[in-house]
Amino acid sequence: MNNQDTVDVTTPDKVEPAAPATLVMSNISKLYSGVAALSDVSVEILPGEVHAILGENGAGKSTLMNVASGTAQPDGGSITFEGTPIGVLTPAIAVQLGIAIVHQHPAVLPDMTVLENLQVALPAEVLSSGTSLEATATALLADAGLSVHLQDRVELLSVAQKHLLEIAKALALKPKLLILDEPTAPLGQASVDLLFERVRRSVSNGTAVVYITHRLAEVRELADKVTVLRDGRVRGSARVVDITDDELLAMIVGRKLESTFPPKHISSPDDEANFSINGLSGSGFANISISARPGEIIGIAGVVGNGQSELMRALAGLDYFTGTVAIAGTTLNSRQLLQEAAYMPADRHREGLLMSLSVRENAAVSALAKFKRGPLLSRKRELGTVAETLGSLAVKAASMDSVVSSLSGGNQQKVVLARALLSEPLLVVADEPTQGVDVGARAEIYRILREVSASGIPVVVASSDAKELEGLCDQVIVMSRGHALEVLQGAAISEERMIHAAVRSTTRSVSVVADAEASKHSGLRRFLQGDYAPAVLLVGVIALLGSFLFSQNARYLSDFNIYSVLTLVTALGFIALGQTISLLIGGIDLSVGPLAGFLVVIGSFFINDDKSVLMIVLGVVLMIVVAAVVGVVNGSLIRFARFTPIAATLTVYIALQGFSFLLRSSPDGYINSTVTGIIGSQLGPVPVAFIVLVAATLVTEYCLKKRRWGWRLRATGSNEESARRNGININRTVVLAYVATSLFAFVGAVMLMAQIGVGDPAQGVGYTLTSITAVVLGGTSLLGGRGTFIGTLLGSILLVQVLNATSFLGLSQMWQYLFQGLLILVAAIVYSVARRNNKRRKTSFALR
Amino acid sequence: MIDATVREPAKLLSSRLVVSKGFVTVGVSTVLLFVVCALVAPTSVSGGAVLGMIPFAAVLAIVGLGQMLVVQQGGIDLSIPGAVSLAIVIVSHEPDGDNSRLLPAVILALAYAIGAGLLNGFMVGRLGLNSIIATLGTNALLFGAVLGISGGTPRSTTSLLAGIAGGLTWGIPNSAFFALAALAIVTVVVKRTVAGRRFEAVGANPLTARATGLRVTIHQSLAFVWAQLLYCLAGILLAGITNQPTAFQGDAYLLPAVAVVVLGGTSLLGGRGYPIATVIAALFLSQLDQFVLSLGVPYAVRTLVQAAALAVGVALYTVDWAAFRQRFIRRSPRIGTPA
């Protein structure tokens with residue numbers, strides 16, 4: 001193939017800069033499991049310049065930028081920032097230096113509001129600089145061309161809006177170096193113009209911008225300099241004005257071809273087409289048509305993320321589409337395609353394989369019905385057929401019983417292929433079939449696809465590697481932003497043609513969402529989608545139930561009843577507040593009940609009538625310490641020993657019960673009556689402890705919404721990966737969250753202690769499930785990321801009220817259980833349906 | 001790299017007997033436990049003690065198998081107490097000592113079980129609720145039914161049921177045969193039928209299962225129904241084993257059921273199930289009780305040993321011990337960036 005020296009038509013720019021370069025990367029190399037992603041790459045980024053990095057998929061652009069932003073550590077080479085050599089660049093150091101990067105996939109937190117996303121990502125001084133927080137934040141968003149309401153949940157934003165939010169976060173830092181990775185991919189024209197305008201403004205203030213793109217048009221419009229990467233090497237660097245499009249293209253294409261391809265199909269003109277798609281449109285692609293004769297492989301080309309994967313999913317029957325798909329003259333709908341098409345997804349681990357099962361089970365899963373003999377599976381038949389197929393694909397594994405996750409990428413892909421072949425499909429849909437596959441296995445996969453095609457089964461292959469499509473396919477659709485730009489056939493299929501079409505395209509996204517448009521959500525809807533709707537609902541239910549009970553029996557509002565109900569609420573309330581914290585981070589704490597019981601048992605040794613004040617204080621301190629230790633144990637088991645939250649806290653649950661019984665085999669140790677009196681003191685009919693509970697709820701609620709502490713919790717529960725990229729220490733947050741849960745359980749235990757008045761090892765256990773019930777009633781999601789402490793308090797009140805109501809109405813215990821059960825189920829169903837509707841609204845929004 | 005394509009690879013084989021890590025761990029622990037019992041507290045392995053232990057191990061094994069099916073789908077079933085208690089109450093209250101009314105009562109119990117399973121399955125599989133919440137709610141409803149039927153007072157079981165569930169055949173408690181039958185059915189159905197294999201595939205990765213055209217929702221929902229049927233069987237047996245069962249007998253089975261599933265090696269994240277290991281784990285926990293009991297140590301120690309067994313059991317699967325050892329043997333060399 002081409003030698004590097006012969007293609008280099010330009011030499012790197014030699015103009016001496018006035019100021020020191022913002023970033024100099026010299027001779028950078030980076031290996032990924034032995035394969036060079038970058039070799040000997042040197043780039044110089046100057047202040048006040050837009051430096052475009054061009055190159056094909058997999059040319060090393062993103063890796064280079066990960067090195068520049070500290071996300072990846074290079075294996076060789078050096079980095080200099082504003083003239084100072086940087087030894088090791090980490091994301092934290094990069095932020096300090098003033099390097100901001102906008103990733104292709106925005107690191108936003110879906111369960112939090114737009115404003116909170118800004119608050120999590122930005123240092124406090126950035127937002128507090130202006131007149132008011134809201135005004136500053138709105139200005140920051142407007143700066144990036146985004147005008148959504150600050151209180152909108154990010155989950156409800158369109159992809160483009162999320163992207164603009166990400167850009168706003170980067171711009172707000174007023175970076176010295178701004179890295180934009182394919183920023184325009186999801187944006188409409190108006191937003192692109194706005195973004196370019198904004199970038200030019202930053203540049204005129206001296207910011208250095210690195211702009212990664214696939215598109216020549218954007219390079220021409222925005223960039224001062226351009227560097228082209230290919231196969232992890234610099235192919236050339238020039239001032240944009242000094243180089244023609246054709247010269248740039250010559251540098252981009254011509255990748256070394258490593259695999260061999262089987263010969264292409266030679267079809268006779270009188271062959272009938274056996275596969276055709278007509279006017280296919282769906283989410284992310286529009287109006288795609290093509291037809292193929294038996295033996296022809298159809299390729300889908302284009303820059304990653306231009307609707308190819310969506311088209312493939314539609315063909316596999318996984319996504320909705322309009323238009324027709326016909327195989328051998330029969331039109332198939334989505335449901336039929338799902339059954340009849342064999343789909344090889346791009347993300348093998350997520351959607352292609354059953355990672356924890358064996359090679360045999362993975363290969364056989366779609367063909368099980370064929371191995372039946374009588375009601376059971378015939379082992380012989382299964383092994384025979386599967387072994388034969390695996391053998392014909394040359395799958396290399398220790399045995400058929402090997403876990404599929406232990407195989408190399410190439411062999412994993414062959415297992416997916418084996419499953420596809422065993423299912424005897426009518427159509428094979430392969431999305432990036434050779435991604436992460438070694439060279440040897442690639443050639444075999446090409447051969448197999450060719451054989452499948454030759455047997456008369458239509459094959460559709462999407463690939464970001466134009467060279468691969470050139471070698472493999474008989475027809476190629478080039479896609480850009482969801483449209484078919486061109487259909488290449490026969491000799492016209494060349495890498496050059498495909499890349500020309502893709503990089504020269506100026507089409508805009510199919511889903512041209514009104515990205516910059518102000519959101520039209522009314523205040524009412526925003527409230528309903530907000531966190532507090534469940535709380536208001538609960539207040540209504542509590543008031544209704546209360547007035548009904550009062551109408552039945554006037555003693556319901558007697559001082560005595562109010563006092564006893566609210567007293568019961570305090571113990572549950574504190575424990576449930578703690579449980580809320582665990583659920584907010586996406587975990588769960590089953591150990592709170594036994595912990596509360598255990599703490600009461602501990603207290604019963606110290607807090608007695610005959611003990612000195614010192615001993616009583618010591619007892620309380622000991623209770624606090626034990627609670628904290630339990631929290632640390634829970635958190636550590638989850639974060640460091642990789643237990644699931646259920647397994648970890650269940651283990652602790654059982655252990656704590658054991659400790660309780662170890663200390664006291666039967667109830668003993670009467671609690672000091674003065675202490676009990678203090679805890680049980682009242683203000684009018686209201687227990688003081690209840691007032692403390694309400695105060696604690698309000699304070700924690702405030703922290704949850706307005707303090708970094710609360711944002712961290714919710715960010716972690718909302719999306720761990722995004723939270724990490726926003727600089728949150730996940731391990732610390734989770735462990736501290738479990739400690740906080742345990743400390744609340746301690747306060748609950750103090751209430752419990754006063755109520756039972758004796759160290760009883762069997763008490764408290766029930767609070768685990770009751771606390772979870774209360775939290776869920778309050779509207780906190782078990783998936784993490786959203787919830788309120790106020791809701792939890794109200795949930796606790798309602799729960800106790802319902803139990804109290806049954807006894808007040810003279811109903812049997814049966815009704816207590818029935819009410820409780822119905823309450824949980826109705827609440828869970830209502831909240832989950834409401835949430836699903838929100839999501840649906842979002843999807844339909846994106847489809848427009 | 002080229003030679004790989006030329007060389008004909010050896011044909012892949014599959015061994016008939018695959019021994020799982022869970023089976024080995026639990027199996028060896030159980031054998032060790034019995035050895036220790038024989039040495040330290042011979043009374044705990046005496047004929048009478050074992051005969052007393054087996055029925056409760058059998059009930060725990062059956063409940064554990066049910067929980068395993070739900071866990072295989074990535075869920076967890078908290079409705080065990082209500083389900084087991086309801087079955088007990090129905091088969092002891094409805095016949096009221098009359099043997100001829102036992103069969104209708106059993107059928108009624110099964111009908112309730114199917115109803116509860118469908119409710120759980122609909123909420124989790126179809127509506128997408130978290131299984132913790134859905135089964136927690138169902139559990140409360142089941143207890144409502146328990147109290148509605150029994151009024152909270154126990155009633156002694158029929159002599160027929162006591163004979164079937166509590167009797168001996170060839171010197172072995174009948175309940176053991178029920179447990180073995182349940183084990184055989186679960187194993188064969190899950191491992192050797194088309195539906196069972198698809199069931200495991202759905203549990204291992206619902207997204208992949210859907211992409212290959214499997215009916216994910218149905219499998220996820222039905223897991224709860226199969227589980228309820230097993231809980232119902234366990235409840236009926238328990239009603240026969242204990243002469244005067246209380247209305248809250250099922251409470252004692254929730255945590256041990258989760259524990260035996262985890263000890264058996266089934267991941268709480270879903271996927272492959274290990275029925276045999278689960279049943280052995282039930283035997284292990286029951287014998288552990290027996291051992292601790294005969295030593296005369298308090299209930300507390302037994303609970304602590306259970307917790308320790310659970311912690312060790314989970315850590316065996318979750319902690320990457322190879323990497324852990326490596327970290328202490330040698331620090332990985334730091335890749336420097338020469339300036």
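## A walk through chains A and B

Start by selecting A:Gln413, which sits in helix H16 (residues 409-422) of chain A. Keep in mind as you click around that this is a predicted model. A:Gln413 counts as buried because its relative accessibility is 1%, below the 20% limit. Show its surroundings next: leaving out residues up to four places away in sequence, A:Gln413 touches A:Met344, A:Arg348, A:Glu432, A:Pro433, A:Thr434, A:Val437 and A:Ile445.

**Stop two: a covered helix**

Now pick helix H2 of chain A, residues 61-68. How many of its eight residues are buried? Six are, so you can call this helix mostly covered. The buried ones to highlight are A:Lys61, A:Thr63, A:Leu64, A:Met65, A:Val67 and A:Ala68. Step just past the end of H2(A) and you reach A:Gly70, where phi is positive, about 85°.

**Stop three: a hairpin**

Select residues 275-292 of chain A to bring up strands E11 (275-282) and E12 (285-292), which pair in the antiparallel sense over five bridges. The two strands make a hairpin with two residues between them. Zoom in on the turn, and A:Gly284 shows a positive phi of about 95°. On either side of the turn, A:Gly282 stands opposite A:Phe285 in E12(A).

**Stop four: positive phi without glycine**

Most residues other than glycine have a negative phi. Two residues here go the other way, so put labels on both. A:Lys174 is not a glycine, yet has a positive phi of about 45°. You'll find A:Lys174 in the loop between helix H7 (159-172) and strand E7 (177-181) of chain A, and it is exposed, at 68% relative accessible area. Then jump to A:Arg642, with a positive phi near 60°. Its home is the loop between helix H24 (613-639) and helix H25 (645-663) of chain A. Is A:Arg642 buried or exposed? Exposed, with a relative accessible area of 51%.

**Stop five: salt bridges within chain A**

Over all chains, a search of the whole structure turns up 20 salt bridges. Go first to A:Glu82 and A:Lys176, whose closest N and O atoms are 3.6 Å apart. A:Glu82 is in the loop between strands E4 (76-81) and E5 (84-86) of chain A, while A:Lys176 is in the loop between H7 and E7, so this salt bridge ties together parts that are 94 residues apart in sequence. Both ends are partly exposed: A:Glu82 at 37% and A:Lys176 at 39%.

Next, select A:Glu720 and A:Arg639, a salt bridge at 3.4 Å, N to O. Here the pair joins helix H29 (residues 720-725) to helix H24 of chain A, so it links parts that are 81 residues apart in sequence. A:Glu720 is partly exposed at 32%, whereas A:Arg639 is buried at 11%. Add A:Glu721 and A:Arg724 to the selection: with A:Arg639 and A:Glu720 they form one network of salt bridges that share partners.

While you are in this part of the numbering, take a look at A:Trp709 in helix H28 (residues 708-718) of chain A. A:Trp709 is partly exposed, with 37% relative accessible area. Beyond its neighbours within four places in sequence, A:Trp709 is in contact with A:Thr700, A:Cys703 and A:Leu704. Draw a distance from A:Trp709 to A:Ala737 as well: 28 residues apart in sequence, they are 9.9 Å apart from C-alpha to C-alpha.

**Last stop: where chain B meets chain A**

Color the two chains separately and select the residues in contact: 75 from chain B and 80 from chain A. About 6,900 Å² is buried between them, and carbon and sulfur atoms give 71% of that area. The polar side of the count is eight residue pairs in polar contact between the chains. On chain B, the elements that give two or more residues to this side include helix H1 (2-6), helix H5 (102-126), helix H6 (131-150) and helix H14 (299-318). By class, the chain B side has 45 nonpolar, 19 polar and eleven charged residues.

How many salt bridges cross this interface? The rule finds two. One of them joins B:Arg272 and A:Glu361 at 2.9 Å, N to O. To finish, center on that pair: A:Glu361 is in helix H14 (residues 359-364) of chain A, and B:Arg272 is in the loop between H12 and helix H13 (275-295) of chain B. Both residues are buried.

Note on methods. Residues numbered from 1 in each chain as written. Chains lettered and ligands numbered in written order. Predicted model: local features only at pLDDT ≥ 70, side-chain atom pairs only at ≥ 80, totals over all residues. Heavy atoms only, no water. Contact = heavy atoms within 4.5 Å. Buried area = accessible area lost by both parts, 1.4 Å probe. Salt bridge = Lys/Arg side-chain N within 4 Å of Asp/Glu carboxyl O. Polar contact = N/O pair within 3.5 Å; in protein donor to acceptor, adjacent residues only side chain to side chain. Helix = DSSP H or I, 4+ residues; strand = E, 2+ residues; numbered from the N terminus. Nonpolar A, V, L, I, M, F, W, Y, C, P; charged D, E, K, R; others polar. Buried < 20%, exposed > 50% of the residue type's maximum accessible area, 1.4 Å probe, protein only. Pairing = 2+ DSSP bridges.
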